[in-house]
Amino acid sequence: MLCPFCKSSSLSVVDTREAEGGETTRRRRSCEDCGRRFTTYERPEGIDLKVIKKSGETERFSREKIKRGLVKATWKRPVSMSDIEELINEVESLLRRRGAKEIKSWEIGNLVINRLRKLDPLSYLLFATVYRDFDSLADFREEIEKLEKSEK
């Protein structure tokens with residue numbers, strides 16, 4: 001690992017703690033060359049999950065891909081990055097417990113979208129427009145009506 005500031009490889013670990021319910025290790029590091037500190041997070045790579053896309057192609061599971069979609073949907077909404085990380089951690093944890101090696105993309109999408117609906121209904125609607133391929137105003141109306149019914 002290199003220092004993000006000066007690119008030196010002379011680093012020392014100052015502090016180590018469990019994070020995210022014990023599923024992640026947080027390390028506080030210090031660069032011995034420039035003296036700056038930064039934090040790293042370590043997660044097990046053991047998920048080795050393949051995602052089967054609509055087209056039939058498979059690709060590796062990517063937390064970052066989910067995160068990008070959620071960041072776009074929650075932009076200018078009262079949803080913090082820690083809320084997004086917590087949602088992704090919950091989804092990833094659920095997928096690990098399933099023990100399956102392959103999972104369909106729509107299953108991951110459903111896990112994400114159901115949690116996002118509880119977190120922020122408007123962000124959910126923004127995410128759903130892409131995830132569920134809305135192509136008309138009727139699709140929006142129908143989804144808004146479902147949201148309004150579930151809030152009552």
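Here is a quick tour of the core, the helix H4 and H5 region, the aromatic pairs and a few unusual backbone angles. Keep in mind that this is a predicted model. The largest nonpolar core has 24 residues, and helices H1, H2, H3 and H4 each give two or more residues to it. Out on the surface, Leu137, Phe140 and Ile144 make a nonpolar patch of about 260 Å².

**The nonpolar core**

- Nonpolar side chains tend to be buried together in soluble globular proteins.
- Here, the core members that touch the most other members are Leu70, Leu95, Ile108 and Val112.
- The helices that give two or more residues to this core are H1 (63-74), H2 (81-98), H3 (105-119) and H4 (121-131).
- If you want one residue to click on, try Ile108: leaving aside residues up to four places away in sequence, Ile108 touches Val51, Phe61, Ile66, Val91, Leu95 and Ile103.

**Helix H4 and what covers it**

- The buried residues in H4 are Ser123, Tyr124, Leu125, Phe127, Ala128 and Thr129.
- As for what sits over those buried residues, the cover includes H1, H3 and H5.
- After H4 comes Asp133, which has a positive phi near 55°.

**Helix H5: one buried glutamate, one exposed leucine**

- Glu143 is in helix H5, and Glu143 counts as buried because its relative accessibility is 5%, under the 20% cut-off.
- Not counting residues up to four places away in sequence, the contacts of Glu143 are Arg117, Tyr124, Leu125, Arg132 and Phe134.
- Tyr124 and Leu125, two of those contacts, are also among the buried residues of H4.
- Leu137 is in H5 too, a helix that covers residues 137-151.
- Leu137 has 60% relative accessibility, so it counts as exposed, the cut-off being over 50%.
- Together with Phe140 and Ile144, Leu137 makes up the nonpolar surface patch of about 260 Å².

**Aromatic pairs**

- A pair of aromatic rings is described by the distance of the centres and the angle of the planes.
- The count for this model comes to 2 aromatic pairs.
- One of them is Phe5 with Phe38, an edge-to-face pair at 6.4 Å centre to centre and 70° between the planes.
- This pair links distant parts of the chain, with Phe5 in the segment before E1 and Phe38 in strand E3 (residues 37-42), 33 residues apart.
- Phe5 counts as partly exposed at 40% relative accessibility, whereas Phe38 counts as buried at 10%.
- Phe134 and Phe140 also pair edge-to-face, at 5.1 Å centre to centre with 85° between the planes.
- Phe134 is buried, at 16% relative accessibility, while Phe140 is partly exposed, at 30%.
- Both rings turn up elsewhere in this briefing: Phe134 is touched by Glu143, and Phe140 helps make the nonpolar surface patch.

**Positive phi angles**

- Most residues other than glycine have a negative phi, which makes a few spots worth a look.
- Lys7 is not a glycine, yet its phi is positive, at about 70°.
- You'll find Lys7 in the segment before strand E1 (11-19), and Lys7 is exposed because its relative accessible area is 54%, over the 50% cut-off.
- Lys76 also has a positive phi, near 65°, and sits in the loop between H1 and H2.
- With a relative accessible area of 69%, Lys76 is exposed.

Terms used. Residues numbered from 1 in each chain as written. Predicted model: local features only at pLDDT ≥ 70, side-chain atom pairs only at ≥ 80, totals over all residues. Heavy atoms only, no water. Core = buried A, V, L, I, M, F, W, Y, C linked by side-chain atoms within 4.5 Å. Buried < 20%, exposed > 50% of the residue type's maximum accessible area, 1.4 Å probe, protein only. Helix = DSSP H or I, 4+ residues; strand = E, 2+ residues; numbered from the N terminus. Contact = heavy atoms within 4.5 Å. Patch = residues over 30% accessible without salt bridge, like charges linked within 9 Å, V, L, I, M, F, W, Y side chains within 5 Å. Areas by Shrake-Rupley, 256 points an atom, 1.4 Å probe, with all protein chains shown as cover. Salt bridge = Lys/Arg side-chain N within 4 Å of Asp/Glu carboxyl O. Phe/Tyr/Trp six-rings, centres within 6.5 Å; stacked < 30°, edge-to-face > 60°.
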